[in-house]
Structure formats: structure tokens, C-alpha cells
Amino acid sequence: MKDRPASATGRQGERVALRFLESKGLQLLEQNYRRPFGEIDLVMRERDCLVFVEVRVRRRSAFGDGFSSITAAKRKKLWRAASAYLKSHPQLQKLDCRFDAISITKDEQGFHPVWIPGAFEHGE
């Protein structure tokens, strides 16, 4: 079955985000961690910090950047998925945690990531 263009672009964007974060020294622990109530695009580690990353890809900025699409409902799903991840990985529970976001714009020249470490916290 052939991918829809949007999903193929999303996967490309996640690969760009992963390479970008790895170039900044973060280490991938898991990609596309899925639970019935939410998904985390990238679970990474930066020294003693566990980083849950939401990746948003936009082909055009006419509808706003990717950050503006991370709603309160989406943040709640991310928090629930992160809690499930921690429960299933007790060896990581003592690490600090944060939620990052990467907004990627795609144009004729390629992908352009913008990273916001600590983009939001639980309860926001």
C-alpha cells in the first residue's frame, strides 16, 4: 500500500528531527512509542534527562507553525503516553524529564527544523 503524501512527509520530518537532535548530542531510546491514548514521536536521552519529543511538519506556514498545532488535548495525550513509558521503563524513572517540540517546515530547499527544548510542561 502506498503512503499518503502527508504521512510520508511526516516520516521524513521525523528522520530529519532525529538526525538534528543526534547532532546536538541526544541519544535515541525509542521512536513512535504508541499507546491507545497517545503517541510520542521520539524518546531521547540527553545526559541525565529523558526527553519526550513531539515533531510537527508543515509544508506551508499559511496555517501557522507546527508549534501552534500542539493543543492542550495533544499535550494531555503526550503526558499520558510519557507516564506509560516511564512505568514500563522503571530504570529511567529517576531521570529528569522534559517535553520538547520540533517544528519542521518543508519547502523546495528541504526541511528546516526549529527546536524548542522544554516546550511545555504537564498541566499546561
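This briefing covers the nonpolar cores and the strand pairing of the structure above. The model is predicted, so local features need pLDDT of at least 70 and side-chain atom pairs count only at pLDDT 80 or more, whereas totals for chains, interfaces and linings use all residues. Residues are numbered from 1 along each chain as its sequence is written, and side-chain values use heavy atoms, with hydrogens and water left out.

**Nonpolar cores**

- The largest nonpolar core (buried Ala, Val, Leu, Ile, Met, Phe, Trp, Tyr and Cys residues joined through side-chain atoms within 4.5 Å; buried means under 20% relative accessible area with a 1.4 Å probe, protein chains only) has 17 residues, of which Tyr33, Ile40, Val43, Leu50, Phe52, Tyr85 and Phe99 touch the most other members.
- At least two residues of this core come from each of β2 (38-46), β3 (49-58), α2 (72-88) and β4 (96-107), these elements being DSSP runs numbered from the N terminus (helices H or I, at least four residues; strands E, at least two).
- The helix α2 gives the most to this core, with six residues.
- A second, separate core has 14 residues, including Leu21, Met44, Val53 and Ile104.

**Contacts of Ile40**

- Leaving aside residues up to four places away in sequence, Ile40 is in contact (heavy atoms within 4.5 Å) with Asn32, Tyr33, Phe52, Val53, Leu78, Ala81 and Ala82.

**Strand pairing**

- Strands β3 and β4 pair (DSSP finds at least two bridges between paired strands) in the parallel sense over 10 bridges, and Val53 stands opposite Asp100 in β4.
- Strands β4 and β5 (residues 110-120) run antiparallel and are joined by eight bridges, with Ala101 opposite Ile116 in β5.
- β4 and β5 form a hairpin, with two residues between them.

Key
Buried means under 20% relative accessible area, exposed over 50%, partly exposed in between (1.4 Å probe, protein chains only).
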